[in-house]
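Let's take a walk through this structure together, one region at a time. Keep the sequence and the 3D view side by side as you read.

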Amino acid sequence: MSLNEKLLRESFHEAVEREGLVTTRFYELLFERYPQVKPLFGRKSTAEQQKMLQETLLAVLDHLDEGEWLTETLGGMGRVHVSYEVTPEMYPWVGECLIAALAEGAKDCWSPAHAEAWEEAYGVLAGLMLAGAEAELAEASSTSIAPTATLASLAVERAGASRVFHRHRLDFCCHGEVSLEAACETRGLDVNDLIAEIQAEDAPDSRRWDEAPIPELIEHILNDFHTPHREELGRLLGMARRVEAVHGAKASCPKGLADTIAEVEQELLNHMAKEEQVLFPHVLAGHRPVVPIQVLEQEHLEHAENLERLRAHAHDYDPPAEACGTWRALYLGLAQLERELMEHIHLENHVLFPRVLERRPQPV
Ligand code: HEM
């Protein structure tokens, strides 16, 4: 750092030696010239606050050549100052009063060169604190969740949101345009509890599919949804048939569930075939297939109704006491399929389709 250490040190020591705690005068000047900052102070006693400021300035003088130390220490202080409600426009006020207090304290030892050296040094100090403050604000805004955000947007932006919505049976895939607070009200849930749950589930390193290239998104849909759905539906159908064959006489047996699964399977297989044979090739070729998207969106609504049907047929996936292992595994598997299918529909409705429709219409 090329700050004029000699001038800074001699004026600071002169001021402190002559006037004792030069920071006393600094606070007097600050509150006199900018009374609006007074309410921000008061957590610490005035004496303590003055001592801390003086010690910090001395420590900074001792580390003027250590860029890393300065960045870390002052950046950290800038972050803490955000919680004191200090805003960027206040930094020049503090600089002005601090330099005025030093000038008064150093008296005839003070020269324009000292003023210049302090202005430069304060600029560096304040810049590093402000960088920390900015980072703090950016992190806070990226982790905060507005109750007015829609379920769909949260499911796009927050890795854990769809898991939380699924847990509380909030439909984020086909009716995701409703706000979090409205959805919570309908279900009698506390919106703040939900926000805390979403934040706790957040995995900061998980993939943001709204920012991924479209071919990668399509590959993800094929590998992580289409292939597993095909395997899973066949497996669940087999299990449902076994449960009905063995436990059909029991009143709690979900009779007819296997036929419902077979219908859902057929519809889903047809739907995925349309995506694989028509939609995805068009999208990958750079087209904007509006009509196929409308058809598929309509089919998504039907899938959501099917999921409701399956759940109602299978006692809300709550197995009765007499349920055997297969029966229990069947309900667990269906609940898992429901979660994955909702995630799949959500990715298409709220990420893939809007991105494709944003493309410029092709000339006819
Ligand atoms: C380069 C500039 C600054 C330096 C070196 C500095 C230094 C400090 C230090 C060492 C503390 C005490 C330790 C702590 O709580 O973090 C503190 C607290 C504080 N500072 Fe600053 N500060 C600076 C800028 C500002 C600005 C621009 C304001 C806005 C008015 C401000 C307002 C406060 C407040 C309100 C507190 C808490 C005091 C209390 O709780 O009573 N500071 N500052």
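Tyr-317 counts as partly exposed, because it has 16 C-beta neighbours inside 10 Å, a number that falls between the 12 or fewer of an exposed residue and the 20 or more of a buried one. You'll find Tyr-317 in the loop between H13 and H14. Its backbone is worth a look too: phi of Tyr-317 is near 60°, a positive value in a residue other than glycine. Bear in mind that this is a predicted model.

Now look at Asp-316, which also lies in the loop between H13 and H14. Asp-316 isn't a glycine either, yet its phi is positive, at about 60°. Is Asp-316 buried or exposed? Asp-316 is exposed, because just 10 other C-beta atoms lie within 10 Å, and 12 or fewer is enough for that label.

Let's step back to the whole chain. It is divided into domain 1 (5–143), domain 2 (151–201) and domain 3 (214–357). The C-alpha centres of domain 2 and domain 3 sit 21 Å apart, and 10 residues of domain 2 are in contact with 11 residues of domain 3. On the domain 2 side of that meeting, helix H7 (151–157) and helix H8 (161–167) are the elements that give two or more residues. H7 has the largest share, with three. Sort the residues on that side by class and you get six nonpolar, three polar and one charged.

So much for the meeting place; what about the inside? Nonpolar side chains tend to be buried together in soluble globular proteins. Here, the largest nonpolar core has 52 residues, and those with the most contacts inside it include Leu-151, Phe-172, Leu-236 and Leu-330. Many helices chip in two or more residues, among them H7, H8, helix H11 (214–247) and helix H12 (257–284). Which helix gives the most to this core? That's H14, with 13 residues. The core also draws at least three residues from each of domain 2 and domain 3.

Pick out Leu-151 for a closer view. Leaving aside neighbours within four places in sequence, Leu-151 is in contact with Phe-165, Leu-170, Phe-172, Gly-176, Val-178, Leu-180 and Ala-183. Apart from the largest core lies another one, of 25 residues, including Tyr-91, Leu-98, Ala-101 and Tyr-122.

Next comes the ligand. It is surrounded by 21 residues, and the closest are Leu-40, Arg-43, Thr-56, Met-90 and Val-94. Helix H3 (46–62), helix H4 (67–83), helix H5 (90–106) and helix H6 (112–143) each supply at least two residues of the shell. The largest share, four residues, comes from H3. By class, the shell has 15 nonpolar, four polar and two charged residues.

One of those helices, H4, makes a good last stop. H4 has 17 residues and reaches 25 Å from its first C-alpha to its last, close to the 24 Å expected at 1.5 Å a residue. Just after H4, Glu-85 takes a positive phi of about 65°. Within H4 lies Gly-76, which counts as partly exposed because it has 14 C-beta neighbours inside 10 Å. Finally, for a sense of distance, try Gly-76 and Ala-312: they are 236 residues apart in sequence and 54 Å apart in space, C-alpha to C-alpha.

Technical notes:
Residues are numbered from 1 along each chain as its sequence is written. This is a predicted model: local features need pLDDT of at least 70, side-chain atom pairs count only at pLDDT 80 or more; totals for chains, interfaces and linings use all residues. A residue is near a molecule or strand if its C-beta atom, placed from the backbone, lies within 6 Å of it. Ala, Val, Leu, Ile, Met, Phe, Trp, Tyr, Cys and Pro count as nonpolar, Asp, Glu, Lys and Arg as charged, and the others, Gly among them, as polar. Domain bounds come from an automatic or database domain assignment. Two residues are in contact if their C-beta atoms, placed from the backbone, lie within 7 Å. The expected span of a helix is 1.5 Å times one less than its number of residues. A nonpolar core is a set of buried Ala, Val, Leu, Ile, Met, Phe, Trp, Tyr and Cys residues joined through C-beta atoms within 7 Å.
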